[in-house]
Amino acid sequence: MHNKSMTTAADPQSLLLTMLDPAVRADPYPLYAQIRARGPLQLPANNLTVFSTYAACDEVLRHPDAASDRLKSTIAQRAIADGAEPRPFGPPGFLFLDPPDHTRLRRLVSKAFVPKVVKALEPEIVALVDGLLRDVDGTFDAIAGLAYPLPVAVICRLLGVPLEDEPEFSAASALLAQSLDPFATVTGSAGDGFEERMRAGRWLRGYLRDLIARRRRDPGEDLMSGLIHVEESGDQLTEDEIVATCNLLLVAGHETTVNLIANAILALLRHDGQWAALAADADRAAPVIEETLRYDPPVQLVGRIAAEDMTITGVTVPKGDNMMLLTAAAHRDPDAVQRPDEFDPDRETIRHLGFGKGPHFCIGAPLARLEATVALTALTSRFPTAALAGEPGYKPNVTLRGMTELPITL
Ligand code: HEM
């Protein structure tokens, strides 16, 4: 894993290319430490600035000139000037929008995710976990057996997506998760599998459009029916925006919480006494989850665009630059966190940017925390002597990093 570019003073682009190498996925943290030690990296030819300290990531996320709409980047502007269509697939999910559209769309769905509403889902989440753990024994893949099916069932229920269709759209969702990887910004090309990802996107949008038509005829208690009702009762959103919003929620529900649950299981089993301590005291779940979000976060980086020239921790970012915020590196910044490379749920304060910060702070955070709490307390208390049964495998994903399997002996 330690290839030459990790041990010599590589140029910024080589360092970032190493980050994209699937071989570093199992443990990207030594490489992040190297990147962080180099300070902000600027690649003017790519219109890219990379921040990896806590102070810099935090400052960008709070900055009023840090935009999320990719159309504001110099790269997009150049493509548009060369004749490219600005949004060939319709509006993006509100994760990639700025005010006023971001504010309007976020407000329409945020009610469904506030802590009080989410808390009411607890009995159902407990029942789902009970069902998943009922007859398990021997060696158990914690991904296929628990970490993946739980959040998927919950988000499908919330959105009103029939769980029977799940095998079809889980493949599309996995491909779409890869489109968040920073291939284009680092290499200047779209990366392997671009066409396949585009096909998956088209398929999922078509699937959602069909489902919207069904819900229009036969509404339910779900979020999609709620958004259709808003659309029909005024001019607050369009059908394209409903598709983009449901797409965002469906992919977020599939590709993030799974990794929080799995990364927590792995950390607990790799650190002496942590599994048994949670098995004996369910109240430890909250700090275990926060420490996992810091130590091994499901979302490893987030992107922003400089809407104006910006100065971040003394570094000038030209207007239109893409900013890559390596939050997973920031979480282990020794200037911000004591003993940063230790997994320690008992540390006095656990600071992290694992759910982001500022106007785009994760809307699903209360739901993800609740699902992880129920899953981890059930698994540890039922199987207090569980152990790792092999090394986990990792997907190639850089941004939404996660395991393919996590075998444990119960
Ligand atoms: C452990 C699980 C999760 C993690 C680590 C996570 C992480 C994040 C992060 C870091 C952001 C901010 C991105 C940015 O600033 O550019 C974000 C935004 C978002 N997340 Fe999550 N997320 C998780 C689960 C969920 C779930 C379960 C849902 C919904 C069902 C969800 C929906 C969203 C949405 C809609 C946004 C965009 C918010 C906005 O732009 O205003 N997330 N998430």
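In the predicted model, A387 has T409 of strand 12 as its bridge partner. This bridge belongs to the pairing of strand 9 with strand 12 (residues 407-409), which is antiparallel and extends over two bridges. Both strands form part of an open sheet of three strands, in which the order is 4-12-9 and the pairing antiparallel. Strand 4 (139-141) and strand 9 (387-388) are the edge strands of this sheet, each pairing on one side only.

The surroundings of the ligand were examined next. The ligand is surrounded by 25 residues, of which H102, R106, R304, H360 and C362 come nearest. Three side chains place polar atoms beside oxygen atoms of the ligand. In H360, a polar side-chain atom lies 2.5 Å from a ligand oxygen. The side chain of H102 has an N or O atom 2.6 Å from an oxygen atom of the ligand, and the distance between a side-chain N or O atom of R106 and a ligand oxygen is also 2.6 Å. Two or more residues of the shell are given by each of helix 6 (101-110), helix 15 (239-255), helix 16 (257-270) and strand 5 (302-306). Helix 15 provides the largest share, with three residues. In composition, the shell consists of 16 nonpolar, seven polar and two charged residues.

The ligand also contains an iron atom, for which the protein supplies a single donor: the SG atom of C362, at 2.3 Å. This cysteine, C362, is located in the loop that lies between helix 19 (327-330) and helix 20 (365-382).

Conventions: Residues numbered from 1 in each chain as written. Predicted model: local features only at pLDDT ≥ 70, side-chain atom pairs only at ≥ 80, totals over all residues. Heavy atoms only, no water. Near = heavy atom within 4 Å. Polar contact = N/O pair within 3.5 Å; in protein donor to acceptor, adjacent residues only side chain to side chain. Helix = DSSP H or I, 4+ residues; strand = E, 2+ residues; numbered from the N terminus. Nonpolar A, V, L, I, M, F, W, Y, C, P; charged D, E, K, R; others polar. Donors = N, O, S within 2.8 Å, 3.2 Å for Na, K, Ca; no water. Pairing = 2+ DSSP bridges.
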